[in-house]
Every structure is written in structure tokens, then in C-alpha cells.
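I set out to look up the salt bridges and the pockets of this structure. My entries follow in the order in which I looked.

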Amino acid sequence: MMRQAGRYLPEYREVRAKAGGFLKLCFTPELAAEVTLQPVRRFGFDAAILFSDILVVPHALGRSVRFEAGEGPRLDPLNRVEDIVALPRQADAKVFAPVYETLRLVKRELDPKVTLLGFCGAPWTVATYMIAGEGTSDQAPARLLAYREPNAFAMLVDVLVDACVDYLSAQLEAGADAVQLFDTWAGILPPHEFSRWSIEPTRRIVAGVRARIPNAKIIGFPRGAGALLPDYVQRTGVDAVSIDWATEPRLIRERVQSRVAVQGNLDPLALIAGGDALDRAVDEVLASYGQGRLIFNLGHGIQPETPIAHVEQMLRRVREGRA
């Protein structure tokens, strides 16, 4: 599940308290490896997902990143052209080193049958946080900057594309079997801007990683892309695409799943609801996509208030449905 290592698990909360802070947890390999493995031990998942965060990339570019309890991430806003021009052209590889060590530790502990997934944030989504200094409801600061100063915004995207290529390639070299590119805020872009700021950077990242690792397996997640998903799949070259719970099934079956595997797309709120509603939601995902290449997953991250019993119920229903 997306965010499968997280606050809904008591064992995670214990390790987080021991670490003393979210970024400290991300950059302490022994602890990050432990929380990566916890949900696999508890639930028997088919894949382990690296415990980290999409904002380690701006951190490696010298931006201040902090996580405040109850408020989410905070960065120093990157909202002036001169600040973008002054940004380092290359991320500091030393910042990423603990992440690669986490992957090596997890790989040694995992059953060979369990897939290890790495990830990073896509340039558009990471840029939205860097420019605003936080997440906003419509990411207007980044959208306005992209309209008003497209050359400066393109410069920022270029830096992030190069950082993503380096970071994902090294994750694969450290033991990840596949990597995922999260473009959480892609769905707020109109079609032309979606092409420019989501599709094209992703295409460049996929090409850049495969130039170093020819058989690299890459999953894309342009959340909220909807009818633009077929174009995204065709132009980026991803091996699989994650879909959110609002996506129209027929479109996906006919124009996306016919080309690549799909991952998703259970509504995280159905997982919180549990009971018959959860069973129906699981069955609907399997009925919609189970005849094709499907990685059953949530349509976005698991919520902290999700009961553990509901996760167990979901897994039973999925495995019964696929038996």
C-alpha cells in the first residue's frame, strides 16, 4: 500500500519516537530499514516500499526542509527568480547516501520473493512544495510562477530532472527492483501545462534512468490525470501507472491497461470505513482490472486513522478474489 509504513502501525510510532524526528528517521538507515520491513512482517505484503519522503531531493539541493507535527512539511519558499538561478545544479550525493544504505539493509532482510520498491517525487510536485514552502489546496504559487516566469520554472524543473535521474538510478543500483515517480499534484494542471510540466519531465527521467540501467522498471503516478493518462503512458515510457480511485475504469482498461500494468485504486476512505463497504470496494477494483495486469493498491496513501483490522480484511478479500 502507498505509505504502508506509517502512523497507523504502533510499531512504527515507537521507532519514530526513538528517532526523534521524521527526517532523522529517514536518514538513519537501521531505523528506516526497520520501518520499511514492519508492514511486510505484519501483513505479508508482496512488496516492501522504501521508507523515505519526496522532499529529501530539495533537502539534497540545499533547501531547508522541516516537518512540523500536525502541519506537514515546511520549506523556505523558493519564489524569486534569483533564488532559482542560485540553486545548485546538482544534488549533494552525500545526503542521499543513507537512503541507499537503507535499501541495501532491507534487501538483505527481505525474502527474495518480495519486491523492493524505491521512489522519488516528480519534478512538478516537488517544485510545488519548494516554491510555496508548504502544500496548498491548489498549489497556486507554483502555477503562477510557471505562467509568469516559465524560463525560470523550466530551470528549476531541469535541476529536479537531473536529481531524480541520479537518485532513482542509485536506488536501483542499491537493490530496488523497481522505482515509482510520484506526481501527486499533476491533476491540477490544464492539458498543455500537464504535458509540459508532468509528461515531459517524466519522459526525460525515464530515458535518463534507462540510459544507465537499460532494464529499469519504472512506475508513474500522475495523480488526478484522468483522461490525460493514455497520453502520459504513451509518451513517458513507464512500465506501469498508478491510478487514483476517481479514474474511469473503461478508459483505463481500453487505453491504459492494454499497454502497461496498472496499480491501484482502492479509495483510502473505503479502507477506513471497513465492513461491507470495504468488501464492495475491493471487489469493484478486482472486477474492473483483475483480468489484466494489476498491482492491487490504494488510490493514494493510507490514512493514519485506518484500523489495522481493516487492512487485514482488505488483504483477505483481495487474496480470496484472486484465488
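The entries below take salt bridges first and pockets afterwards.

**Entry 1, salt bridges.** I worked on a predicted model. I found that the structure holds 17 salt bridges, and I followed some of them individually.

**Entry 2, Asp-76 and Arg-66.** I looked up this pair and found their side chains joined in a salt bridge, with N to O at 3.5 Å. I then placed the partners: Asp-76 sits in the loop between β3 (72-75) and α5 (81-85), and Arg-66 belongs to strand β2 (residues 65-68), so the bridge ties together parts that are 10 residues apart in sequence. I checked accessibility as well. Asp-76 has 36% relative accessibility and counts as partly exposed; Arg-66, with a relative accessible area of 33%, is also partly exposed.

**Entry 3, Asp-177 and Lys-107.** I noted a salt bridge here whose closest N and O atoms are 2.9 Å apart. This pair links distant parts of the chain, 70 residues apart: Asp-177 is in the loop between α9 (150-173) and β5 (178-183), and Lys-107 is in helix α6 (residues 93-109). Asp-177 is partly exposed at 35% relative accessibility, and Lys-107 is partly exposed at 33%. I next recorded a network, in which salt bridges with shared partners join Arg-80, Glu-82 and Asp-83.

**Entry 4, inside the network.** I looked at one contact in detail: the side chains of Asp-83 and Arg-80 meet in a salt bridge of 2.9 Å, N to O. For Arg-80 I read a relative accessible area of 44%, which is partly exposed.

**Entry 5, largest pocket.** Which residues lie nearest the centre of the largest pocket? I found Arg-3, Arg-7, Phe-22, Asp-53 and Phe-67 there, among 43 lining residues. The volume of this pocket is about 1300 Å³. I saw that α1 (10-19), β2, β3, β4 (115-121) and β5 each supply at least two residues of its lining. Sorted by class, the lining of the largest pocket has 20 nonpolar, 14 polar and nine charged residues.

**Entry 6, second largest pocket.** I read a volume of about 610 Å³ for the second largest pocket. It is lined by 26 residues, and Asp-46, Ala-47, Leu-294, Ile-295 and Phe-296 are the closest to its centre. Two or more lining residues come from each of β1 (47-49), β4, β8 (261-266), β9 (294-298) and α15 (308-322). By class, I recorded 17 nonpolar, four polar and five charged residues in the lining of the second largest pocket.

Note on methods
Residues are numbered from 1 along each chain as its sequence is written. This is a predicted model: local features need pLDDT of at least 70, side-chain atom pairs count only at pLDDT 80 or more; totals for chains, interfaces and linings use all residues. Side-chain values use heavy atoms; hydrogens and water are left out. A salt bridge is a side-chain nitrogen of Lys or Arg within 4 Å of a carboxyl oxygen of Asp or Glu. Helices (H or I, at least four residues) and strands (E, at least two) are DSSP runs, numbered from the N terminus. Buried means under 20% relative accessible area, exposed over 50%, partly exposed in between (1.4 Å probe, protein chains only). On a 1 Å grid over the protein atoms alone, a cavity is a set of points where a 1.4 Å probe fits but cannot get out, and a pocket is an open set with protein on both sides within 12 Å along at least five of seven lines; lining residues have an atom within 4 Å of a point. Grid points are joined across faces, edges and corners, and a volume is the space filled by probe spheres set on the points. Ala, Val, Leu, Ile, Met, Phe, Trp, Tyr, Cys and Pro count as nonpolar, Asp, Glu, Lys and Arg as charged, and the others, Gly among them, as polar.
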